[in-house]
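I opened my notebook to keep a record of what I looked up in this structure. I wanted each entry to stay with what can be read from the model itself.

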Amino acid sequence: MSVGTLVETEDRREYRATRRRGLAIDVGMAVATIMIALLVGFVVILATGHNPVEAYSAMLTGPLERSTRVGRWLEDATTLTLLGLSVAIPFRARQISLGAESQLYAGALAAGVVAIVVPMPPVVAVIVPVVAAMGAGAATGLVPGVMKARLGANEIVATLMLNAIAVRVFDYLVNGTLREPGSTAVHSASIQHDAALPSLREWFGVPLGRANIGLLLMLLTVVALWLLMTRTTIGYRIRMVGANQDFAEYGGIAVPRVIEWSFVIGGAVAGLAGAHLVLGGYGRLEPGLVGSLAFEGIVVALLARNNPLVVVVAGFFYSYLRVGGDIMEQQTDVGTEIVVVIQAVIVLLVTAQALPDLFKRRLVRTRVTR
Amino acid sequence: MNAVVGVVFSSAFLAAVMRVATPYLLAAFGGLIAERVGVSNIALEGQMLAAACTGALVAGHQGSVALGAVSGIAVAALLGLLLAALRLHLGADVIIAGIGLNLLASGGTAYAVFALLGDKGGTSGLQSGSLPRLHLWGVERIPVLGEILSGQNIVTYLAFLAAPVVAWLLYRTRFGFHLRAVGEAPDAARSVGIPVRRVQCLGLALSGALAGLAGVFLSMGYVSFFVRDMTAGRGFIALAAVFLGGLRPWGVFLAALAFGAAEALAVQVGTLDIPPQLVSTIPYVLTLGALATYAYRRRRRSNAEPSRA
């Protein structure tokens, strides 16, 4: 064995140790962040004259008490994780795309229209709307992507404008062309039976609410995106552009194309989330079906620091709080909105980078002196 | 088509434009000041919402509309300061911090209303009153103009006055000069002794206060209650007006006015056979087009330099 390889193994071990330490610190930071945010919520509940222990025990144990609640958790986690993923990819290329909302609407619309209008045999009837939704989402993502990559237009403004347009067009279609004739409430006709994502209940034999195989689709997407980001050229390029755009360009990467790809991939995943909402949840198009989901997807991505594998954890964690918050409200009269407050505190703590850096520096210093 | 033209040139419509444009104008000027001091204020939406909620709650509990309005504006200004603190002292990403503040406002207001009043929807059960309308003596008697200009809410007049005031502030005062210097070249500003952080903090507080006035108008202008998430994306639209207006006071004024006009038009044509949702997309489509054109021209102009997307 030559000296070179010895040094190499030594280096590699050193590198791995550093990475492990970094990971441990990151996980520790995430846990600390969540703890602090929960503490803030605790104090707020106390200050508004409610019993925080009772409220928190309802919120934190409620979702697991019945299988239908677990189902609600799984369903919500599927949508939120997909949205988190859709945001994480452009964020990784350091593109601040706030366009998940428009992509979600586009996906929901495409999935809904295809699933309502086009008659198809089983299995195909699920696949085609899903693909249509991903295509619509990708196309919606491409618009701000091209504007940013080729023209240098501000992607924040472009995506916000597209959101405003998408909401209104969706609203118009659901109120007009697609509205089910004769119904008093505003919604479209139901999707065809074969187009619904098969429920998980048939597999596990327990009632799981609306949880469906979208969950498996989501997990597949997670793995696919993780592989894409870590094992493929385009993933490498996206990471390079995000890390240092000038250097990426100097290294021969076609930066505009990479930026466009990050938007398109993100858009396709958001479109998939839209398909899940329609084919797996509502079963038809309704006004306001997206709600504030898109911004919550941003939170999930932030909490996970844009790492696809961590996004799943963050998505499950966050939807657990959401479902728990609803249960807490039913049982203890504490508003479920406290969850949004907790979430906001998490975002602010995560983005206040000087805080963990101060903490990390301190850790490193103690290690050096020891 | 004639019906549409008839609507557009009616004095009721023009009065409605002034009313609808008010929150856009104020929030957009808030966004403009923040942008010029070099910190994007994505939190306009949340600041409006927090101010609207605080205003209605305080006015309802204390029985004083003025006190409500002042507390609303103060809360929004504090949120501006919080954004400044996060950005300047804790190294936060200003966009993400803004998103966080928006969430905080959305959750916090809904939670507060539910906790205090036990109502999920808003504060309609609370008698909070609204800010007075002004009847301009003299103007009122001018035939058509009087109907448009007189009898508007006091905040509407403030919003239209804000354009010359902000222009004067930015270009004619020492503070405005410092503000622009800090926004364009913080290091250079620091080197000539301008207190960069203090100017940024003040700028963001002012930005928040303007957004706060916009929010107060929503809950205490023509209605006298707060509704959950009543800003409905207006803060983001105002932000778009800032960019569409080319970061200049009068440009921003025109852009915000155009957004207001389009929304008023959408409401008015709702009675005709034209889908209001599609009419209300017009300003956003135009903004998107303007954004692309503007960026394209800027790119062509600076083609000699290496491109930085």
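The entries below go from the contact between the chains to single helices, residues and charged pairs.

**Entry 1: the model and the interface**

I note at the start that this is a predicted model. I began with the place where the two chains touch, and I found that 46 residues of chain B and 53 residues of chain A take part in the contact. The area buried between chain B and chain A comes to about 4200 Å², and carbon and sulfur atoms give 76% of it. I then looked up the polar contacts between chain B and chain A, and the count was six residue pairs, both residues of a pair being at pLDDT 80 or more. On the side of chain B that touches chain A, at least two residues come from each of helix H4 (65–89), helix H5 (94–117), helix H11 (234–244), helix H13 (276–279) and helix H14 (282–301) of chain B. The largest share of that side, 14 residues, is supplied by H5(B). I also sorted this side of chain B by class, and wrote down 30 nonpolar, ten polar and six charged residues.

**Entry 2: the charged pair across the interface**

How many salt bridges are there across the interface of chain B and chain A? I found one by the rule, and its partners are Arg228(B) and Glu337(A), whose side chains meet at 3.2 Å, N to O. In general, side chains of opposite charge can pair when their charged atoms come close. Arg228(B) sits in the loop between helix H10 (196–220) and H11 of chain B, while Glu337(A) sits in the loop between H13 and helix H14 (338–351) of chain A, so this pair joins two chains. I checked how accessible each partner is: Arg228(B) is partly exposed, with a relative accessible area of 37%, whereas Glu337(A) is buried, with a value of 2%.

**Entry 3: helix H3 of chain A**

Next I followed helix H3 of chain A, which covers residues 67–92 and has 26 residues. From its first C-alpha to its last, H3(A) reaches 36 Å, close to the 38 Å expected at 1.5 Å a residue. Why can I call H3(A) largely enclosed by the rest of the structure? I can do so because 22 of its 26 residues are buried, and a residue counts as buried when its relative accessible area is under 20%. After H3(A) comes Arg94(A), which has a positive phi near 55 degrees.

**Entry 4: salt bridges within chain A**

Over all chains the count comes to ten salt bridges by this rule, and I looked up some of them in chain A. Glu65(A) and Arg69(A) meet through their side chains at 3.1 Å, N to O, and Arg69(A) is buried with a relative accessible area of 5%. Another salt bridge joins Arg322(A) to Asp76(A), with the closest N and O atoms 2.7 Å apart. This pair links distant parts of the chain, since Arg322(A) is in helix H13 (residues 308–332) and Asp76(A) is in helix H3 of chain A, 246 residues apart. Arg322(A) is partly exposed at 23% relative accessible area, and Asp76(A) is buried at 13%. I also noted that Asp76(A), Glu296(A) and Arg322(A) are linked in a network of salt bridges.

**Entry 5: a buried glutamine**

Is Gln103(A) buried or exposed? Gln103(A) is buried, with a relative accessible area of 3%, and it lies in helix H4 (residues 100–117) of chain A. Beyond its close neighbours in sequence, Gln103(A) touches several residues, among them Ser97(A), Gly137(A), Thr140(A), Gly266(A) and Ala270(A).

**Entry 6: loops of chain B**

I went back to the loop between H10 and H11 of chain B, where Asp229(B) lies and where Ala232(B) is also found. Most residues other than glycine have a negative phi. Asp229(B), however, has a positive phi of about 50 degrees, and Ala232(B) has a positive phi near 45 degrees. Asp229(B) is partly exposed at 37% relative accessible area, and Ala232(B) counts as exposed at 61%.

My last look was at Ser124(B), which lies in the loop between H5 and helix H6 (143–149) of chain B. Ser124(B) and Ala56(B) are 68 residues apart in sequence, and their C-alpha atoms are 9.4 Å apart in space. Leaving out residues up to four places away in sequence, I found that Ser124(B) touches Asp119(B), Phe225(B) and Phe226(B).

Notes: Residues are numbered from 1 along each chain as its sequence is written. Chains are lettered from A and ligands numbered from 1 in the order in which they are written. This is a predicted model: local features need pLDDT of at least 70, side-chain atom pairs count only at pLDDT 80 or more; totals for chains, interfaces and linings use all residues. Side-chain values use heavy atoms; hydrogens and water are left out. Contact means heavy atoms within 4.5 Å. Buried area is the accessible area (1.4 Å probe) that two parts lose on being put together, summed over both. A salt bridge is a side-chain nitrogen of Lys or Arg within 4 Å of a carboxyl oxygen of Asp or Glu. A polar contact is a pair of N or O atoms within 3.5 Å; within protein, one must be able to donate a hydrogen and the other to accept it, and residues adjacent in sequence count only if both atoms are side-chain atoms. Helices (H or I, at least four residues) and strands (E, at least two) are DSSP runs, numbered from the N terminus. Ala, Val, Leu, Ile, Met, Phe, Trp, Tyr, Cys and Pro count as nonpolar, Asp, Glu, Lys and Arg as charged, and the others, Gly among them, as polar. Buried means under 20% relative accessible area, exposed over 50%, partly exposed in between (1.4 Å probe, protein chains only). The expected span of a helix is 1.5 Å times one less than its number of residues.
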